[in-house]
Amino acid sequence: MNKIQQTNQNDILKICKIVGIIMIISLSILKIINSYQIEPYVDEIFHIPQTIKYCEFKFKEWDNKITTLPGLYILALIYSNVLSFFGIGDGIWISHCSVAVLRSFNVFCLIITFFSIYEILKISTYNLLLSPSTSSPSSSSSSSSTSSLSSSLSKKMNQKEIIEDQNSINNTIILRTIHLSIFPIFYFFHFLFYTDVVSTLSIFLTLLFSLKNQFNLSSFFGLISVTIRQTNIIWVFFITINNILKLYEENKEKQNIKEFNLLKEILEFIKFSIINLLLIIKKFFGFILVGILFLIFLYWNGGIVVGDKSNHESSFHVPQLFYFSLLTMIFSLPSILISSLLKRFNYYKVTINEKKNLYDPIGFLKDLNFKYLIVIIIGMIVMIWKFTYTHLFLLSDNRHYTFYIWNRFMEKYSIGPYLPIPFYCYSIWFIWKVLSENRSKLWCLFYFLSTAIVLLPSPLVEPRYYIVPFFLFQLNQFHYYNNFKTQHKTIEGKKLNLKTVNQLIGLDILYFIFINFITIFIFIKFPFIYPDGTIGRFFY
């Protein structure tokens, strides 16, 4: 066994220990929640009875209030069967589809989620740090296996430096994995039997195997993701088109073609795709097959929603993008904002050039032309005025935090919907600025378009809908590495100041732990009682 392999084994041991700790904490939280909220809660009143029907092999019985395909219920059935096989429970097979057991399914998914996020970050991070030009968005957007990345690294450093840097960089990746795996909105729904956890995990696996160039396996998980939540077809398409984009950018690099403006880039990408259509079909046939099957489903079903279509009609809800961007900025605040402010005031003794990548409001005001900003603000006012939808559920269900935001601010004051506009402007700029440092213009365009296609048709404002685009933002932003480099004779003449990076990630972790503690504590300890005697609890 060589030292590099030993390092990888050490990483696995570290991850297993961390996952073990997270699982002990999460299962303890689940036990407490189950003791307080024994009965199915909110959407669980649809998901759990339907899964129990599947456990009883009553596959033809279907609750028309359910709007998603039965992927979650089939996977939960398999999970319950596995528990039964190992004799977990009281020996009665149907008990393995109880409320407590079905909720535990999402908690155990956290194990796979953690390893998936770690592998995605590892591939993406080494692509960034070890590519021939670490400052090039196009080069950083391409992906390869971990082994090829290690080979690239060996050309730049001797074996001793590889071992030392892999240890420290991998430790940083593990910290980032902890940070993302406890993202508050995502983490909270591990304790309820909702579709969000398994749906997001299936997208992680689709992305992971795509990065590993195992496209058939990637498309298989893409198909599973669609059976859990139909809108995941957009994220499968996003992953597919970025694989084509990778081929396009590799071709540009081989021919030493310079960057075009965005319009020219779009036209060149379309031209490349047409010329190489047979190659694309052959290489990504699995994804194309998923698309064909989805089109057949749309034709057969008469639309994307199954079951209760009346409460899930499509809209053109433009402010959804504003809400998403604001939420993404808020949940990314600590490290990004503090690092920018510290750099601005030269706390880290950085050069003038290194001060270009700042994300604070001062950088926002300097980066935007005032005339353009006025036009953007007027455009946002019109969009909010004409295309804001207030769903009946939003104003009637007082268990959700969004109910109080709308009833006590957005709907209460006529100016309420317009007051956050400066924050929307900053948030959208912030997302574009952070992503465009290491992703090409086309990648960013595809990301924003995919996010819009997923969010705009929904009249209902649910923070859960923002989970996948938030993760895709986080998995493709590398401000930690871009912002903190010191002069050393290593990668491109610079070495990461990983101590500072780890401190910032640690700050992000503490931020998420605090939010998780508050939201879970409120859910458990501050119930309220309806006039009919039923108990309500506050959550996202």
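Trainee: Why is Cys109 called buried or exposed, whichever it is?

Mentor: This is a predicted model, and in it Cys109 has a relative accessible area of 6%. Buried means under 20%, so Cys109 counts as buried.

Trainee: What about Cys16, then: what makes it buried, exposed or partly exposed?

Mentor: Cys16 comes out at 41% relative accessibility. The partly exposed class runs between the 20% and 50% cut-offs, so Cys16 is partly exposed.

Trainee: How do you know that Cys55 and Cys97 are joined by a disulfide?

Mentor: Look at the sulfurs: S to S is 1.6 Å for Cys55 and Cys97. The cut-off for a disulfide is within 2.5 Å, so this pair qualifies. A search of the whole structure turns up one disulfide.

Trainee: What makes the link of Cys55 and Cys97 left-handed or right-handed?

Mentor: The angle about the S-S bond is -50°, and the link is left-handed.

Trainee: Which parts does that pair tie together?

Mentor: Cys55 belongs to helix H2 (residues 44-55), while Cys97 sits in the loop between helix H3 (71-85) and helix H4 (99-130), so the link ties together parts 42 residues apart in sequence.

Trainee: Why are Cys55 and Cys97 called buried or exposed?

Mentor: Cys55 has a relative accessible area of 2%, and Cys97 has 1%. Under 20% means buried, so Cys55 is buried and so is Cys97.

Trainee: And how many helices and strands does the chain have?

Mentor: You'll find 25 helices and four strands. Of its 540 residues, 52% count as buried.

Technical notes. Residues numbered from 1 in each chain as written. Predicted model: local features only at pLDDT ≥ 70, side-chain atom pairs only at ≥ 80, totals over all residues. Heavy atoms only, no water. Helix = DSSP H or I, 4+ residues; strand = E, 2+ residues; numbered from the N terminus. Buried < 20%, exposed > 50% of the residue type's maximum accessible area, 1.4 Å probe, protein only.
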